[in-house]
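Dear colleague,

I am handing over the structure below, together with some notes on what was found in it. Please read the notes with the structure open beside you.

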Amino acid sequence: MDFARFLRQIRNAYDYGGQIAHVESIPVREPRFASVEGGLHPTLTDALRQLGIERLYTHQAEALTALRGGAHVTVVTSTASGKTLCYQIPTLEALILDGEATALYLFPTKALAQDQARGLLRFGEIAPALQFMSGTYDGDTPPNLRRRLREEGRVILTNPDMLHQGILPNHPRWARFFQNLRYVVLDEMHTYRGVFGSHVANVIRRLSRICAHYGADPQFVCSSATIANPRELAEGLTGRGMALVDNDGSPRGARRFVFWNPPFLEGSTSDRRSSNTEARWLLTTLIQARVQTIAFVRARTTAEVIYHYCQQDLSRTGPKLARAIRAYRGGYLPTERREIERMLFEGELLGVVSTNALELGIDIGGLDAALVVGYPGTIASMWQQAGRAGRKADASLAVFIAHNAPIDQFLMRDPGYFFGQSPEHATIDPNNPHVAVGHLRCALRELPVRGEEGEMVGEFTGAMLEILEEEGQAKQIDGRWYYSRSGYPAAEVSLRNISDPTYTIVVERDDGPEVIGTLDEISAFFQLHTHAVYMHNAQTYFVDVLDVERKVARVSQQGLDYYTQAVDKTTVRVHETEMESDWRVSRICFGEVSVSTLVMMFKKVKFEDRDSIGWENLDLPSIALDTAGCWLIPPVDALRRCREFGRVPSEGLKGIANVLAEVIPLFAMCDVTDIGTTIDSSNTGRPTLFVYDRHPGGVGFSEKVYEMMEEVIAACLMVVSECGCEEGCPSCVGAPLPPMGDDGGTQGTIPDKEAALVLLHALLEREAYIPKRPRFVPEGTPGDDPVSASVQSDASAPMPVHPMPANVEAKIRKKVRGFRH
């Protein structure tokens, strides 16, 4: 299709409201090929030829050459660039040349593992010599097939959870497989980040111990979407040096990437038309033009709503078109999802409305257009979803439809920031003792820990072993540590969270109660408090009651048009400053902090326009969190200047803190729920901006902010200064603060945008900002006296390097005592 003409027609339509904010033209990229020294095995050459592959792209040849040379390899290329062949070819070569060789493929989802299993089967169908015993090994695998795969399997396709709880604890039954293991593949590596990635890194550590026990030393192959630090992430996950392959030789057709901003509602300068309405119109128009299109949305209910209305619209054109669209999401039966994938691949469907379930590399053929409804959370995800269109060398269209949210609107105003921005950094911290202690118990159960493995799970390995011994869970005999209890400790370690205690989420079904998930206590207080709206698999659930004593949240599934946002009162105490430096005119620090949080109330916010529709008080106990944080101490002159203009400095800092929480995911691959921000004066003697990880011990997010303070604060200034509002709004400095407490009369108002701009200009040493109008400051406003400029040092002595800090040790000891087995 001529997409330039299509966009001209849209602009000329009578009901066009100026939605096209930007069109980025991405040029054609011609294919680049390379040969491999010695060529491929003839059987493989013939099979690839029958699949239409005559030559290898440059990145495929480079990866194969590096693997043949014994290197561990990380491949980072664009969507649909043929990354799969970078590990399929060497695996199949190894299986042909060595009749005992095996390979382990790890995927983040069952659906992706099953899709890749079908790809392996295609090779076997083409060439009998490539018919090897392979299959997916997960919770859906029948018992008889599980046994065959253990005893005969050459390629096992699974996920980290099954490796953690099902395979490693039973490694003697897999002895043949581990003895001959040649390759371990981590596909979609960029999904292994934060808490999940930190756990997966420890699972890989345990896998490596078991391989060594059976005399194997497999090569690792990682593949990833484009991120800023792929080699660093791969080396952190595997513990091995990596050769980076990012010389993408695949072709790409011309693409037009449109940024589409819903128009303001009549009479409003802040409320916009629903992005779902815009997506409905665009998707219907493209399908009517016979353009095969996928629309990505963030919620299951949204997928079903857009599908329903598009089907209604298309039925007016004809029943055949109405049958050419489907929704795709979690919750469908596997057979339903496979059928939709088949229909897309074979061109029977012209449109699909999907959650991010289709973002990863499931083969659905070549699509012509992709709609991304709302910023998906990371730049990497945006490119992944947009890359689902144009999977051949044909022209394609991608459209990002903005929500009325800070990051969405920021990108609409400054699209060059997106197209010129390096993707985010993925961070993990596998040595976090809150993560590592559970895997140390698992490792002890799998094999004794030898003395030479002294830092197997980080510098506190020895200290954690002593704690386990004191608690009767480990025993040292002749220099080796053994697990001294029965049972499977892996069953007690979730790869998705850190904290204890854990809250169980229970929904009442017609056939009785069903557990749909668990959350750590910190997250539960923010996301599962009574009357919260909880999102699970993109479906909305209403929390009927949070039972703090029994650690249970009872929820009911409801189709709601709003979400809830907890409001907390947070204090911070600095325990130890690990790094500090001068940044421009400010002092920035990073270190260990204790955060005390009281979730006091929550607000209800409409999904589409982010309007606040009410508040409700809560009665919850305070929670303490020992974590990592960074903090910015603004200069006294900036605070005094703010005062001179009749503004409250802390109000400006609160606005900056709100913006920070929204922009940090542009730099660190995290969710807004992974980080916290607050303003506190008690540690430094002046209002100080804190950013902390909302996970015990931290997982690297706040450290990344410390490293990228210039970029993060500059992004905050862009968001605030380029927002068209005058007084501040939910698309920049945040929604109104709740009417509570004594804060000098400023509660119940939006954080001060003008004060935020005064401070941001000062922090970045830009030309001084002059506020447009003064703001009333009550006499005696507390906590904002910038004259008290001395920074108070913490009285606690620095901790030695290897002994575990007392507060951490207490938490770890409590965690260990909480294990059942």
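To begin with one group of strands in this predicted model, strand β6 (residues 134-136) pairs with β7 in the parallel sense, over three bridges, and within that pairing the bridge partner of T136 in β7 is L157. Strand β7 also pairs with strand β5 (residues 102-106), again in the parallel sense but over four bridges, and here A103 has V155 of β7 as its bridge partner. Strand β7 itself (residues 155-158) is covered on both faces, with V155 and L157 buried on one side and I156 and T158 buried on the other. As general background, the strands of a sheet pair through backbone hydrogen bonds, either parallel or antiparallel.

There is also an open sheet of seven strands, which run in the order β1-β11-β16-β15-β12-β14-β13 with mixed pairing. Its edges are β1 (20-26) and β13 (325-328), each of which pairs on one side only, and from one strand to the next the twist averages 15 degrees. Within this sheet, strand β12 (residues 293-296) and strand β15 (residues 369-373) pair in the parallel sense over four bridges, and T293 has A369 in β15 as its bridge partner. Packed on the sheet is helix α14 (residues 334-345), which touches β13 and β14 (351-354) and whose direction makes about 135 degrees with that of β13.

Turning to the interior, which residues of the largest nonpolar core touch the most other members? This core holds 72 residues, and the ones in question are F257, L411, V663, I664 and L666. The element that gives the most to this core is helix α24 (residues 709-721), with nine residues. Apart from this core lies another one, of 52 residues, including A47, A111, V221 and I362. In soluble globular proteins, nonpolar side chains tend to be buried together.

For F257, once its neighbours within four places in sequence are left aside, the residues in contact with it include H22, V23, E24 and I26, as well as M382, W383, A386, A398, F400, F418 and F419. L411, another of the residues that touch the most other core members, is buried in α16, as are P406, I407, D408, Q409, F410 and M412. Because seven of the eight residues of helix α16 (residues 406-413) are buried, this helix is largely enclosed by the rest of the structure.

Helix α24 also packs with helix α22 (residues 649-663), at an angle of about 110 degrees and with their axes 9 Å apart, which means that α22 is roughly perpendicular to α24. From α22 the contact draws on I656, V659, L660 and V663, and from α24 on V712, I713, A715, C716, V719 and V720. By residue type, the contact of α22 with α24 divides into 10 nonpolar residues, no polar and no charged ones.

Finally, a single residue that you may wish to look at: is S586, which lies in strand β25 (residues 586-606), buried or exposed? Its relative accessibility is 2%, and a residue under 20% counts as buried, so S586 is buried. Beyond its neighbours within four places in sequence, S586 is in contact with S581, L632, I633, P634, P635 and L763.

With best wishes

Key. Residues numbered from 1 in each chain as written. Predicted model: local features only at pLDDT ≥ 70, side-chain atom pairs only at ≥ 80, totals over all residues. Heavy atoms only, no water. Core = buried A, V, L, I, M, F, W, Y, C linked by side-chain atoms within 4.5 Å. Buried < 20%, exposed > 50% of the residue type's maximum accessible area, 1.4 Å probe, protein only. Helix = DSSP H or I, 4+ residues; strand = E, 2+ residues; numbered from the N terminus. Contact = heavy atoms within 4.5 Å. Pairing = 2+ DSSP bridges. Axes fitted to C-alpha atoms, helices over the stretch in contact; angles between N-to-C directions. Parallel < 35°, antiparallel > 145°, perpendicular 65-115°, else oblique. Nonpolar A, V, L, I, M, F, W, Y, C, P; charged D, E, K, R; others polar.
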